[in-house]
Amino acid sequence: MSFKIGTRGSPLALAQAHMTADALKAAHGWGDGDVEIIIIHTTGDKVQDRALAEIGGKALWTKELDAALLDGRIDIGVHSMKDVETILKDGIVLPAMLPRADVRETLIGADSISGLKLGALVGTSSPRRAAQLKAQRPDITTEILRGNVATRLAKVESGAIDATLLAAAGLSRLGMNVGSIVPVEQMLPASAQGAVGITARAGDTETLARLAAINHQPTLDCVMLERGFLAALGGTCHSPVAALAQFVGENVHFRGQIFAEDGSEVQQGDFTGPLAEAPAAIAALAARLLGQAGPALRGLFTA
Ligand SMILES: NCc1[nH]cc(CCC(=O)O)c1CC(=O)O
């Protein structure tokens with residue numbers, strides 16, 4: 001009986017499922033026949049014409065994978081952690097992550113944010129990216145851009161938009177060497193960007209033991225801190241929130257930012273200290289940033 005890996009059907013999701021299969025095979029000496037990749041279609045895949053923020057539904061990408069886990073069609077679900085809601089469904093756990101890839105953004109269509117032409121039209125359906133761009137370049141207009149990576153790149157190629165931003169991690173997993181890397185100092189990534197996480201059934205001890213062998217704990221620690229910031233804000237993956245935790249020696253260095261949707265206001269802060277102190281410090285930071293924020297910005301998180 002083979003081990004069943006559930007995934008969405010997009011090229012990026014499939015690449016991540018194959019990375020997970022390879023890690024399991026290497027850790028357990030399994031062969032090709034020991035794992036099976038099962039594609040699960042999700043609401044997020046079916047709706048292509050609206051901004052995800054507008055559809056508003058939670059767990060857009062994970063709901064169907066959670067259902068497949070709970071009814072035993074799959075043993076694990078593989079996810080871009082960036083798209084996983086901060087509150088997991090009852091009975092679902094998130095015990096393992098693969099080593100994190102490059103966390104940075106890639107700009108396609110210009111060498112740098114300052115190099116974008118005056119009044120450039122940038123396609124993105126991320127409220128965070130739109131706000132971050134406008135905070136630096138109020139002349140920029142953004143429009144909603146969805147679809148898989150190839151579709152998005154084609155829009156820049158055809159001149160329908162001047163530029164777009166995509167996570168470096170996704171591009172490199174698809175073997176696409178395009179665009180210009182944006183330093184995190186210029187654009188802090190989304191919480192959990194570049195991380196692949198694996199969900200399982202709570203209490204499925206056999207699966208949990210198998211996953212323990214491939215878990216990359218520093219990635220899990222950092223991503224959990226970033227998700228903690230988002231949760232403390234009451235945000236979702238569609239909120240204009242950026243967060244990055246990284247180990248610097250023994251300490252964690254955490255940076256968090258929240259934005260008004262038009263980029264007119266940014267609240268930011270950071271924390272450096274031991275991992276054990278980080279969750280409380282980050283929750284306090286989230287509360288402080290919300291406390292300092294103007295009504296429009298605060299209103300994004302208290303609706
Ligand atoms: N929201 C879509 C999504 N989810 C994860 C990635 C990229 C891979 C990653 O960050 O791990 C992307 C596309 C993008 O933002 O470029």
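Q: Where does A192 lie?
A: A192 lies in the loop between β9 (180-182) and β10. Strands here are DSSP runs of E with at least two residues, helices are runs of H or I with at least four, and both are numbered from the N terminus. Residues are numbered from 1 along each chain as its sequence is written. Keep in mind that this is a predicted model, where local features need pLDDT of at least 70, side-chain atom pairs count only at pLDDT 80 or more, and totals for chains, interfaces and linings use all residues.

Q: What about phi at A192?
A: A192 has a positive phi of about 75 degrees, although A192 is not a glycine.

Q: Is A192 buried or exposed?
A: A192 is buried, because 30 other C-beta atoms lie within 10 Å. The cut-offs, with C-beta atoms placed from the backbone, are 20 or more other C-beta atoms within 10 Å for buried, 12 or fewer for exposed, and in between for partly exposed.

Q: OK, ligand next. Which residues are around the ligand?
A: They are S80, K82, D83, L166, A167, A169, G170, Q193 and G194. To be near the ligand, a residue needs its C-beta atom, placed from the backbone, within 6 Å of it. The elements that give two or more residues to this shell are β8 (163-167) and α7 (168-173).

Q: And by class, what does the shell have?
A: The shell has 3 nonpolar, 4 polar and 2 charged residues. Nonpolar means Ala, Val, Leu, Ile, Met, Phe, Trp, Tyr, Cys and Pro, charged means Asp, Glu, Lys and Arg, and the others, Gly among them, count as polar.

Q: Why does the ligand lie between domain 1 and domain 2?
A: Because domain 1 (3-98 + 195-215) and domain 2 (105-182) both give residues to the shell around the ligand. Those bounds come from an automatic or database domain assignment.

Q: What does A168 in helix α7 touch?
A: Not counting residues up to four places away in sequence, A168 touches D102, R104, E105, T106 and I181. Contact means C-beta atoms, placed from the backbone, within 7 Å. A168 itself is partly exposed, with 19 other C-beta atoms within 10 Å.

Q: Switching to α8: which residues are buried there?
A: In α8 (residues 205-212), T207, R210 and L211 are buried. They sit on the same side of α8, because they cover an arc of only 95 degrees around the axis, taken from the directions from the helix axis to the C-beta atoms. On the other side, T205, A209 and A212 are exposed.

Q: What do the buried ones pack against?
A: The buried residues of α8 pack against α1 (11-28), β3 (76-80), β4 (92-97) and β10 (196-201). As for T207, its contacts beyond four places in sequence are D75, I76 and A200. T207 and D75 are 132 residues apart in sequence, with 7.1 Å from C-alpha to C-alpha.

Q: How many residues does the largest nonpolar core have?
A: The largest nonpolar core has 79 residues, and M97, L225, F229, L233 and I282 have the most contacts inside it. Such a core is a set of buried Ala, Val, Leu, Ile, Met, Phe, Trp, Tyr and Cys residues joined through C-beta atoms within 7 Å.

Q: Which helix gives the most to this core?
A: That's α9 (residues 217-233), with 8 residues.

Q: And what is L225 in contact with?
A: Leaving aside neighbours within four places in sequence, L225 is in contact with A245, V252, F254, A278, P279 and I282.

Key: Contact = placed C-beta atoms within 7 Å.
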